[in-house]
Amino acid sequence: MSLSVETYPTLREASQAIGDRARYIGGGTLLMRAVNYGDQSFDRIVISREIDRTIRNEGQGVRIGAGATMADVLASRDAGFLHPVARVIGGPAVRNMGTVGGNLFAAAPFGDFATALLALDATVQMADGQNQPMESFLSGRDRARGLVVAVTVPRVSEREFRFAKISRVKPKGASMMAIALWLRGSGRIDEARIAFGTMGPTPLRAKAAEQALRGRDLTEPGIAAALAVCCDGLQPADDPLATAWYRRAVAPVHLKRLLLETR
Ligand SMILES: Cc1cc2nc3c(=O)[nH]c(=O)nc-3n(C[C@H](O)[C@H](O)[C@H](O)COP(=O)(O)OP(=O)(O)OC[C@H]3O[C@@H](n4cnc5c(N)ncnc54)[C@H](O)[C@@H]3O)c2cc1C
């Protein structure tokens, strides 16, 4: 099967060229792998000469261009609270090429950055001007493809945001599970958002656990109810990294460690 490569001067023009059989290329860390494996689901690759890799404070949030790489995130002071996430994505080569935009489309066991963005209630900005909350973007991701130009993340303190990547091969292995937490409140938890990666086809929120944490102390008895329901609504699968059973068994253990971690 032949594969054509089309280059457009702007993101807008590139976005108009994306369709059922055409894929936009970011850093290519996953797309070129698919090409090499002979993926038959597309036969056109779309490139834009215009790439937005800027990261800047904007109002209460931080706007990250979809073309920003993990290395760009690590070099940005404004995105400092996301450094623990970007730092554990692949090795140096992947971090230098892999983009934030591409991570939003990465299937399990990848998508660590997308997991963090889900916990942080980020907004995804599409090339057609539409803005979508991360959660609805992820739920429609595999049905309707569009070009992502940026994400905007609420600026949070390093105390409020926690992230853990659990992998068997360190330091570069894929996630057996990833957990991102956004906790608000001092002493008592006023609001909690919890996202799990690799516990479903896309990153998913643990909504029952979020609810069970509301108004509770960050202590072992305070979080017990949340741990008991933390897998409700998640859809882990069996894969070469772990079985679904194992993932469900260890999820409360890892969530507990992250919640009680001292800051
Ligand atoms: C060895 C290796 C290790 C890895 N380790 C990790 C890891 O630890 N954690 C992790 O999360 N990921 C990991 N990945 C996956 C991948 O590198 C990252 O998810 C990366 O962020 C993908 O970005 P990319 O720009 O390379 O995507 P690409 O390969 O360019 O694209 C991937 C998909 O996203 C689409 N896409 C890309 N950008 C956009 C956009 N702006 N708008 C619309 N669609 C877009 C493409 O069309 C394609 O379908 C790893 C990959 C490899 C090869």
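The exercises below, each with a worked solution, deal with a predicted model.

**Exercise 1. The three-stranded sheet**

Find the strand order of the open sheet of three strands, and explain why one side of β1 and of β2 is left without a neighbour.

Solution.
Step 1. Strands of a sheet pair through backbone hydrogen bonds, either parallel or antiparallel.
Step 2. In this open sheet the order is β1-β3-β2, and the pairing is parallel.
Step 3. β1 (4-8) and β2 (22-24) are at the edges with a single partner strand each, so one side of each has no neighbour in the sheet.
Step 4. On average, neighbouring strands of this sheet are turned by 25° against each other, direction ignored.
Step 5. The parallel strands β1 and β3 are joined by five bridges, and T7 is opposite I47 in β3.
Step 6. Strand β3 (residues 44-48) is also joined to β2, in parallel, by three bridges. Here R23 has I45 of β3 as its bridge partner.

**Exercise 2. The five-stranded sheet**

Determine the strand order of the open sheet of five strands, and state which strands are its edge strands.

Solution.
Step 1. The order reads β4-β5-β8-β6-β7, with antiparallel pairing.
Step 2. β4 (55-58) and β7 (131-133) pair on one side only and are the edge strands.
Step 3. Direction ignored, the average turn between neighbouring strands of this sheet is 25°.
Step 4. Five bridges connect strand β5 (residues 61-65) with strand β8 (residues 148-154) in the antiparallel sense. G61 lies opposite P154 in β8.

**Exercise 3. The aromatic pair**

Locate the one aromatic pair in the structure and describe its geometry.

Solution.
Step 1. A pair of aromatic rings is described by the distance of the centres and the angle of the planes.
Step 2. The partners are F105 and F137, with 5.6 Å centre to centre and 85° between the planes.
Step 3. Planes over 60 degrees apart count as edge-to-face, and the pair F105 and F137 is accordingly edge-to-face.
Step 4. F105 is in the loop between α6 (100-103) and α7 (112-119), while F137 is in helix α8 (residues 134-140). The two are 32 residues apart, and the pair links distant parts of the chain.

**Exercise 4. Two backbone details**

Identify where the peptide bond from A108 to P109 and the residue D121 lie, and give the backbone angle of each.

Solution.
Step 1. Most residues other than glycine have a negative phi, and most peptide bonds are trans.
Step 2. The bond from A108 to P109 is cis, with omega near 15°. P109 belongs to the loop between α6 and α7.
Step 3. D121 is not a glycine, yet its phi is positive, about 55°. The loop between α7 and β6 (123-126) holds D121.

**Exercise 5. The cavity**

Describe the largest cavity: its volume, its lining residues and the domains they come from.

Solution.
Step 1. Rolling a probe the size of a water molecule over the atoms shows where empty space is left.
Step 2. Over the whole structure, the search finds one cavity of 30 Å³ or more. The largest cavity holds about 30 Å³ of space.
Step 3. Its lining consists of A106, A107, A108, F110, T115, G197, T198, G200, P201, T202 and P203.
Step 4. Sorted by class, the lining has six nonpolar residues, five polar ones and no charged ones.
Step 5. Domain 2 (55-154) and domain 3 (161-260) each supply at least three residues of the lining.

How values were computed
Residues numbered from 1 in each chain as written. Predicted model: local features only at pLDDT ≥ 70, side-chain atom pairs only at ≥ 80, totals over all residues. Heavy atoms only, no water. 1 Å grid on protein atoms, 1.4 Å probe; cavity = no way out; pocket = protein on both sides within 12 Å on 5 of 7 lines; lining within 4 Å. Points joined across faces, edges and corners; volume = space filled by probe spheres on them. Nonpolar A, V, L, I, M, F, W, Y, C, P; charged D, E, K, R; others polar. Domains from an automatic or database assignment. Pairing = 2+ DSSP bridges. Helix = DSSP H or I, 4+ residues; strand = E, 2+ residues; numbered from the N terminus. Axes fitted to C-alpha atoms, helices over the stretch in contact; angles between N-to-C directions. Phe/Tyr/Trp six-rings, centres within 6.5 Å; stacked < 30°, edge-to-face > 60°.
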